Amino acid sequence: SSGDLLWLRPLLPQQATQLSASSTEMASTWSALSNTMELLSGLFSLEDSPTTLDPGRRQCDQGTYVEELRRVIDKVESEGADSEALDDIRQRLEEIEQEASKGLAVTVRHAVSGEVVAVVRARPTDTAAVLREGVLRETGDALVALRFIHGSKVLKDSETLEEAGVQDGASVLVIRSPLKCLTASFDGTSRVCLLREGSAPDDEVSISESGPVLSAVLSPCGGFVLAVCSGGDGSVRCASTGELEFYLQGWVSSAEYSSDGQFIAGASDNGIARIWCAKTGRCLHELSGHADDVKAATFSPDSSLVATASCDGTAIVYEAASGRPLLRLVGHVDVVRSVVFSQDGKWVLTTSMDATARIWCAASGQCAQALKGHTKALSGASFAPDGSRVLTASFDGSVRVWDAMSGDCMLLLPAENSVVNAAAFSPDGASVLVASASESFRLFCASTGDCRVTFEGHEDWVRVASFSPDGTLVASGSYDGTARIWSALDGECVQTLEGHGGAVVAASIAAA
């Protein structure tokens with residue numbers, strides 16, 4: 001806005017005095033700079049109502065004024081102006097240029113009332129994330145999920161505005177949905193609470209499990225909590241009352257829901273994995289074939305396949321409906337610790353104690369890429385939402401981002417104190433969240449590696465961190481016994497969740 005440019009005005013007389021008050025040429029130069037800033041102020045005041053300005057004229061004016069300002073700055077520098085002050089001016093100029101490159105003006109309206117919530121300037125290559133930022137900055141209402149609709153179609157997080165058909169002057173609808181948070185702890189409890197300002201204790205449901213909780217997730221519908229405890233118990237409880245629905249049959253060391261919420265898959269004992277009915281806990285299939293313990297089991301996005309990772313150094317892909325093994329993925333030379341599918345279900349990603357990750361074709365079992373570069377065992381990995389990149393975390397104290405097609409390492413992100421506790425892509429794939437051996441954790445640009453946000457407030461190491469479904473919030477859990485909810489835009493802690501008596505090992509946000 002025009003107010004953002006007022007910072008420069010006090011510099012003008014100061015610089016003129018430093019250079020030479022008697023210099024007619026310099027006085028003229030500073031006058032030109034002042035006039036240019038006035039013109040830019042006028043330009044930005046017009047852009048406060050971008051729909052009233054012809055798009056072609058706006059882009060032309062932006063280029064003209066920015067170029068004029070750059071020319072005057074170069075002239076002032078050639079006349080001996082203080083370079084440090086001019087560096088600050090150039091930095092602001094770059095910000096102006098970035099703003100000027102946003103050629104779309106998108107009006108965001110409330111889906112129910114039709115009221116204008118915000119007018120957001122964006123680039124065609126931006127995603128819905130920029131619309132969320134605009135709405136949140138305008139309303140300050142952080143503890144809700146935001147979804148955008150354009151032409152009866154919900155905008156996908158990884159889809160650009162251009163791909164979604166959003167043009168300059170377009171209107172989109174925003175839907176606000178309440179959120180809930182699930183936390184779990186070594187103290188043997190899970191907690192579910194609604195996220196809202198001033199949330200009362202009555203909103204929280206405390207669930208007593210059979211022992212220290214290793215993992216906990218909400219069902220896709222948000223109505224149930226699936227928890228795995230250190231004694232081998234897997235339980236499903238009502239998220240609104242905490243009442244036990246059932247225990248999973250057999251020993252359980254890990255468990256997750258299928259995308260449709262109908263089934264549960266997880267690692268069990270004696271080298272097998274299991275598929276359970278999510279309504280009764282009855283074991284439907286035992287997935288055999290491994291020669292050693294199973295470390296993990298996961299569904300494909302369409303729930304038709306289950307992949308397992310094992311201490312025998314292999315992964316196996318099974319048909320979920322029958323439990324029949326389809327493919328054995330052989331190539332690692334040590335324990336396979338984790339396995340995940342890409343969002344389109346075409347690729348399988350495995351990590352191993354052999355310090356590598358591998359990408360496999362889910363149809364043929366062929367290894368497409370071996371990702372080498374870490375110096376110690378890998379602790380986890382994931383695909384970017386569009387499948388083009390892979391994120392790996394290692395006990396060597398680093399996080400790497402790889403090109404999934406070429407296998408080239410694109411980015412190396414060091415972790416504090418050489419420990420990576422959690423790492424994840426944002427829902428739009430533009431950022432990487434890293435929690436390490438520190439009371440703070442950080443959000444990085446997935447393209448440049450620049451630190452965008454540092455989240456500070458915990459009093460002990462952060463053990464887990466994850467995004468809300470729309471990427472605007474981050475949930476974290478710490479060894480200090482608390483969970484916190486943060487704004488992903490500026491790192492502000494918007495809610496602290498207390499009550500656990502031990503380290504928080506799970507913290508996630510879902511639709512209420």
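# A guided look at two aspartates and an aromatic cluster

Visitor: Which side chain of opposite charge is nearest to Asp354, and how far away is it?
Guide: Welcome! This is a predicted model, and in it Asp354 is buried yet has no salt bridge. A salt bridge needs the charged atoms within 4 Å. The nearest side chain of opposite charge is out of that reach: Arg358, at 5.1 Å.

Visitor: Where along the chain is Asp354?
Guide: Look for two strands, E21 (347-352) and E22 (356-361). Asp354 has its place in the loop between strand E21 and strand E22.

Visitor: With which side chains does the side chain of Asp354 make polar contacts?
Guide: One partner is His332, whose side chain is 3.1 Å away. Another polar contact, at 2.7 Å, goes to the side chain of Thr356. The names to remember are His332 and Thr356.

Visitor: Leaving aside neighbours within four places in sequence, what is Asp354 in contact with?
Guide: We have already met His332 as a polar partner of Asp354. With the sequence neighbours within four places set aside, the contacts of Asp354 are His332, Val333 and Asp334.

Visitor: Is Asp312 buried, partly exposed or exposed?
Guide: Asp312 sits in the loop between strand E17 (305-310) and strand E18 (314-319). Buried would mean under 20% relative accessible area, and exposed over 50%. Asp312 has 25%, so the word for Asp312 is partly exposed.

Visitor: Which backbone nitrogen does the side chain of Asp312 reach?
Guide: Not counting residues up to four places away in sequence, Asp312 touches His290, Ala291, Asp292 and Arg328. The side chain of Asp312 comes to 3.0 Å from a backbone nitrogen, that of Ala291.

Visitor: How far apart in space are Asp312 and Val333?
Guide: Val333 is one of the contacts of Asp354. Along the sequence, Asp312 and Val333 are 21 residues apart. In space, C-alpha to C-alpha, the distance is 8.9 Å.

Visitor: Why is the pair of Phe441 and Phe455 called stacked?
Guide: The model has three aromatic pairs. In this one, the ring centres are 4.6 Å apart. Planes under 30 degrees apart count as stacked, so Phe441 and Phe455 qualify with an angle of 15 degrees.

Visitor: Which residues form one aromatic cluster with Phe455?
Guide: Phe441 and Phe455 are both buried, and Trp486 is buried as well. The rings of Phe455 and Trp486 have centres 5.7 Å apart and planes at 70 degrees, so they are edge-to-face. Phe455 lies in strand E31 and Trp486 in strand E34 (residues 483-487), so this pair ties together parts 31 residues apart in sequence. The cluster partners of Phe455 are Phe441 and Trp486.

How values were computed
Residues numbered from 1 in each chain as written. Predicted model: local features only at pLDDT ≥ 70, side-chain atom pairs only at ≥ 80, totals over all residues. Heavy atoms only, no water. Helix = DSSP H or I, 4+ residues; strand = E, 2+ residues; numbered from the N terminus. Buried < 20%, exposed > 50% of the residue type's maximum accessible area, 1.4 Å probe, protein only. Lys, Arg positive; Asp, Glu negative; His and termini not counted. Polar contact = N/O pair within 3.5 Å; in protein donor to acceptor, adjacent residues only side chain to side chain. Contact = heavy atoms within 4.5 Å. Phe/Tyr/Trp six-rings, centres within 6.5 Å; stacked < 30°, edge-to-face > 60°.
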